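Here is a short report to read with the structure open beside you. Have a look at the model first, then follow along.

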Amino acid sequence: MCTPFELLKLRKQVASASGYKAISSVKVMQDSTTLISKLLPCYTPDMRAWNNTVGILSNVFPKHVDIVGALKQYPWMLTGSGRPPLASEVARPRDIISLEGWNSLWKGLRPGIARDCVFGGIFFSTWQFLHIAMLNWKAIDINPPPRSINEVDPISPLASSLAAGFSGTMAAAASHTFDTAKTRSQCIVTPKYIAMERKLLKWSAPGIWIERVAGMSPADRNIMFRGIWLRMARSGIASFSIVGSYLLALDRLF
């Protein structure tokens with residue numbers, strides 16, 4: 001449910017940080033041909049590559065009536081290297097849907113699900129373990145000893161919040177690689193025609209099975225742990241604040 005909003009948020013952040021400005025010649029080239037603007041919105045044509053292609057094909061087909069007009073029927077040749085546009089150039093919902101299709105709004109869904117499953121499993125299991133350990137420690141001083149853990153007084157909100165913050169930190173460390181994979185996949189622009197070609201050619205994603213299932217790229221193996229300390233700190237502070245505020249509100253209201 002949250003994946004499209006995270007994609008749009010990430011694209012907006014990348015676009016605001018890059019400060020991309022279109023070149024005037026690029027705008028003229030795109031505005032002059034409606035087919036280019038439809039099939040390649042937000043693309044950055046390489047005019048040098050385009051001129052070289054026209055020059056080579058003009059020598060090969062010297063008797064062609066309109067070689068330039070014929071090449072414009074294949075507008076992706078304007079990109080030269082064939083590279084898709086940057087994520088900063090495709091940030092608006094209209095541009096994303098036009099260039100990449102509706103399915104692109106759910107980019108990063110698989111690594112996102114893997115991230116949240118790992119985070120939630122480790123967070124709640126660690127928090128429950130610490131909670132029971134604190135209750136058992138508190139039951140030692142009770143005389144006579146309680147018959148069950150339900151007879152022990154509740155843990156203080158501060159202790160429970162600290163346990164939640166520690167659990168959030170551990171969960172963030174364990175799920176950080178999936179978070180990086182999700183961010184990377186959302187920053188890669190894949191036009192609709194490339195996705196269609198991969199589907200027709202039955203293209204299989206590279207990497208080991210866990211990378212294919214989780215949507216990771218083998219080229220990103222060396223950067224999967226970047227920013228892990230910042231995410232651990234963020235998750236720890238967020239878990240501490242959420243649990244602490246919730247328990248404090250319950251204590252004050254009831």
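## I210 and its patch

I210 comes out as partly exposed, because its relative accessible area is 37%, which falls between the 20% and 50% cut-offs. You'll find this isoleucine in helix 10, the stretch covering residues 209-214. Bear in mind that we're looking at a predicted model here.

I210 also has a share in a nonpolar patch on the surface, together with I208, W209 and V213. That patch covers about 430 Å².

## The whole chain

So what's the overall make-up? How many helices and strands does the protein chain have? The tally is eleven helices and zero strands, so reading from the N terminus you just get α-α-α-α-α-α-α-α-α-α-α.

The protein chain has 254 residues, and 34% of them count as buried. Its accessible surface adds up to about 16500 Å², with 65% of that belonging to carbon and sulfur atoms. As for contacts, take those between residues at least 6 apart in sequence: 77% of them join residues at least 24 apart.

## Aromatics in helix 7

Aromatic rings are worth a stop. Going by ring centres within 6.5 Å, the count is three aromatic pairs. One of them is F119 with F123, a stacked pair with 6.0 Å centre to centre and 5° between the planes. Both phenylalanines sit in helix 7 (residues 109-139), four residues apart, or about one turn of the helix.

How do these rings stand with respect to solvent? F119 is partly exposed, because its relative accessibility is 21%, a value that is not under the 20% needed for buried. F123 does count as buried, because its relative accessible area is 8%. F123 also pairs with F124: the centres are 5.0 Å apart and the planes are at 80°, so this one is edge-to-face. F124 itself is exposed, because its relative accessible area is 53%, and exposed starts over 50%.

Put together, F119, F123, F124 and W127 make up one aromatic cluster.

## Contacts of L130 and S160

L130 is another helix 7 residue, and it counts as partly exposed because its relative accessibility is 23%. Leaving out residues up to four places away in sequence, L130 touches A163, F166 and S167. Take F166 as an example: L130 and F166 are 36 residues apart in sequence, yet their C-alpha atoms are 9.5 Å apart in space.

Now for S160, which has its place in helix 8 (residues 157-186). Is S160 buried or exposed? Buried, because its relative accessibility is 6%. With residues up to four places away in sequence again left out, the contacts of S160 are W127, M134, I155, V243 and L247. W127 is the residue we met above as part of the aromatic cluster with F119, F123 and F124.

## An arginine over a ring

One last thing to click on: which residue lies over the face of W203? That would be R198, at 4.5 Å from the ring centre.

How values were computed: Residues numbered from 1 in each chain as written. Predicted model: local features only at pLDDT ≥ 70, side-chain atom pairs only at ≥ 80, totals over all residues. Heavy atoms only, no water. Phe/Tyr/Trp six-rings, centres within 6.5 Å; stacked < 30°, edge-to-face > 60°. Helix = DSSP H or I, 4+ residues; strand = E, 2+ residues; numbered from the N terminus. Buried < 20%, exposed > 50% of the residue type's maximum accessible area, 1.4 Å probe, protein only. Lys NZ or Arg CZ within 6 Å of the ring centre and 35° of its normal. Patch = residues over 30% accessible without salt bridge, like charges linked within 9 Å, V, L, I, M, F, W, Y side chains within 5 Å. Areas by Shrake-Rupley, 256 points an atom, 1.4 Å probe, with all protein chains shown as cover. Salt bridge = Lys/Arg side-chain N within 4 Å of Asp/Glu carboxyl O. Contact = heavy atoms within 4.5 Å.
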